[in-house]
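Please take the sequence and the model together, and follow the chain through its sheets, its helices and its buried side chains.

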Amino acid sequence: MIPAAFDYQRPTTVDEALAALAGGNGGTKVLAGGQSLLPLLKLRLAHADTLVDIGRLTELKSFGETPDGGYEIGALATYADVLGATKLGWTAEAIEQIGDVQVRNRGTVAGSMAHCDPASDAPAISLALDYSVVLRSQRGERVVPLDEFFEGPFQTRIESDELIVKLRRGPLPAGATGAYRKLAQPASGYSIVGVAVVVAMSGGTVSHARVALTGVGEKPYRAKAVESALLGSDGSAGAVAAAAAHATDGQTVNSDIHADREYRTSMAVVYTRRAIEGALGR
């Protein structure tokens with residue numbers, strides 16, 4: 001299909017992009033990799049009065065470690081960029097499960113956060129790694145932790161005049177490792193259930209635990225009850241199973257043509273256990 005008519009702007013600086021967003025009256029959308037937005041526009045499931053194409057803003061393409069041992073991912077860094085640079089083996093394995101080669105080469109990590117698809121892999125991975133979103137507008141800059149950023153299906157805390165300029169996290173705890181496990185919908189590759197885990201052990205007990213799920217509820221979320229149950233445990237099979245049983249606590253579990261609520265709930269527990277075991281097994 002052909003999208004409805006829209007105006008098109010290609011700013012050459014971030015300031016120009018912010019000016020375009022400020023003057024858009026809520027009908028302006030940002031185009032980065034376009035792997036989510038363009039199909040929606042073509043199907044007329046989304047509408048834009050103006051597209052602001054930020055694809056040539058080289059200042060948003062940077063990514064890498066920060067001096068304190070954290071990590072930053074610029075708004076235009078693609079999955080392939082991060083895949084080729086990350087030193088976290090489990091993160092590389094997780095990114096390889098996202099979409100296909102074209103999506104990974106063109107799609108941006110920050111764009112996935114802005115899109116907030118309830119079944120997208122990257123938000124869960126980023127939640128487990130404790131990333132925050134750096135938002136900028138002509139009014140200034142603010143930082144929003146990802147577990148406060150997602151509000152619902154395709155809904156985030158981005159204001160209409162704001163642009164994601166980067167994702168940022170601090171250093172991981174000493175010895176931390178992780179894993180991502182997913183039950184993929186065979187045709188699309190999207191997660192029916194996807195679970196990302198980052199854990200660390202100290203003195204024979206779990207000293208750090210971040211567990212995030214996608215595909216299960218209305219938005220990607222941290223499974224805080226699982227985290228609480230893991231912390232201080234010995235990481236044994238029994239402790240992991242007991243913690244994983246809380247995977248959907250407090251969530252309204254999705255039910256659709258791919259998986260009903262009962263099956264998805266069961267698989268959330270199974271894949272949470274597998275992800276924790278995978279992380280601890282490293």
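The paragraphs below go through the sheets, the helices that lie across one of them, the nonpolar cores and a few backbone details.

The model is a predicted one, in which local features need pLDDT of at least 70 and side-chain atom pairs count only at pLDDT 80 or more, whereas totals for chains, interfaces and linings use all residues. Residues are numbered from 1 along each chain as its sequence is written, and side-chain values use heavy atoms, with hydrogens and water left out.

Helices and strands are taken here as DSSP runs numbered from the N terminus, helices being H or I over at least four residues and strands E over at least two. Strands of a sheet pair through backbone hydrogen bonds, either parallel or antiparallel, and two strands are said to pair if DSSP finds at least two bridges between them. An open sheet of three strands follows the order β1-β3-β2 with parallel pairing. Its edge strands, each pairing on one side only, are β1 (7-9) and β2 (28-31). From one strand to the next the twist averages 25°; angles run from 0 to 180 degrees between N-to-C directions, and axes are lines fitted to C-alpha atoms, for helices over the stretch in contact. Three bridges connect β1 with strand β3 (residues 50-53) in the parallel sense, and Y8 stands opposite L51 in β3.

A further open sheet holds four strands in the order β11-β12-β13-β14, with antiparallel pairing. Here the edges are β11 and β14 (221-222), each of which pairs on one side only. Strand β11 (residues 177-184) is joined to β12 (residues 191-202) by eight antiparallel bridges. Across this pairing, L183 stands opposite V193, and Y180 stands opposite A196. The two strands form a hairpin with six residues between them, and G189 in the turn has a positive phi of about 85°. Strand β11 is mostly covered, six of its eight residues being buried, where buried means under 20% relative accessible area, exposed means over 50% and partly exposed is in between (1.4 Å probe, protein chains only).

Which residue of β13 can serve as a point of reference within this sheet? V211 lies in strand β13, and V211 counts as buried because its relative accessible area is 0%. Leaving aside residues up to four places away in sequence, V211 touches, among others, V195, A196 and V197, together with Y221, L230 and T272; contact means heavy atoms within 4.5 Å.

Two helices lie across the four-stranded sheet. Helix α7 (121-128) lies across β11, β12, β13 (205-214) and β14, running at about 160° to β13, and eight of its eight residues are buried. Helix α11 (residues 261-280) lies across β11, β12 and β13, running at about 35° to β12. Elsewhere, R274 lies over the face of Y271, at 4.9 Å from the ring centre; a charge sits over a ring if NZ of Lys or CZ of Arg is within 6 Å of the ring centre and within 35 degrees of the ring normal.

In soluble globular proteins, nonpolar side chains tend to be buried together. A nonpolar core is a set of buried Ala, Val, Leu, Ile, Met, Phe, Trp, Tyr and Cys residues joined through side-chain atoms within 4.5 Å. The largest such core has 48 residues, of which L60, F149 and L163 touch the most other members. A second, separate core of 28 residues includes L183, A259, A268 and Y271. F149 also touches M113, V133, L135 and I158, among other residues more than four places away in sequence.

Rings of Phe, Tyr and Trp (its six-membered ring) pair if their centres lie within 6.5 Å, with planes under 30 degrees apart counted as stacked, over 60 as edge-to-face and the rest as tilted. By this rule there is one aromatic pair. The rings of F149 and F150 have centres 5.6 Å apart and planes at 65°, so the pair is edge-to-face, and both F149 and F150 are buried.

Most residues other than glycine have a negative phi. D130, in the loop between α7 and β6 (132-137), nevertheless has a positive phi of about 65°, and is partly exposed at 42% relative accessibility. F154, in the loop between β8 (150-152) and β9 (155-156), likewise has a positive phi, of about 60°, and at 46% relative accessibility F154 counts as partly exposed.
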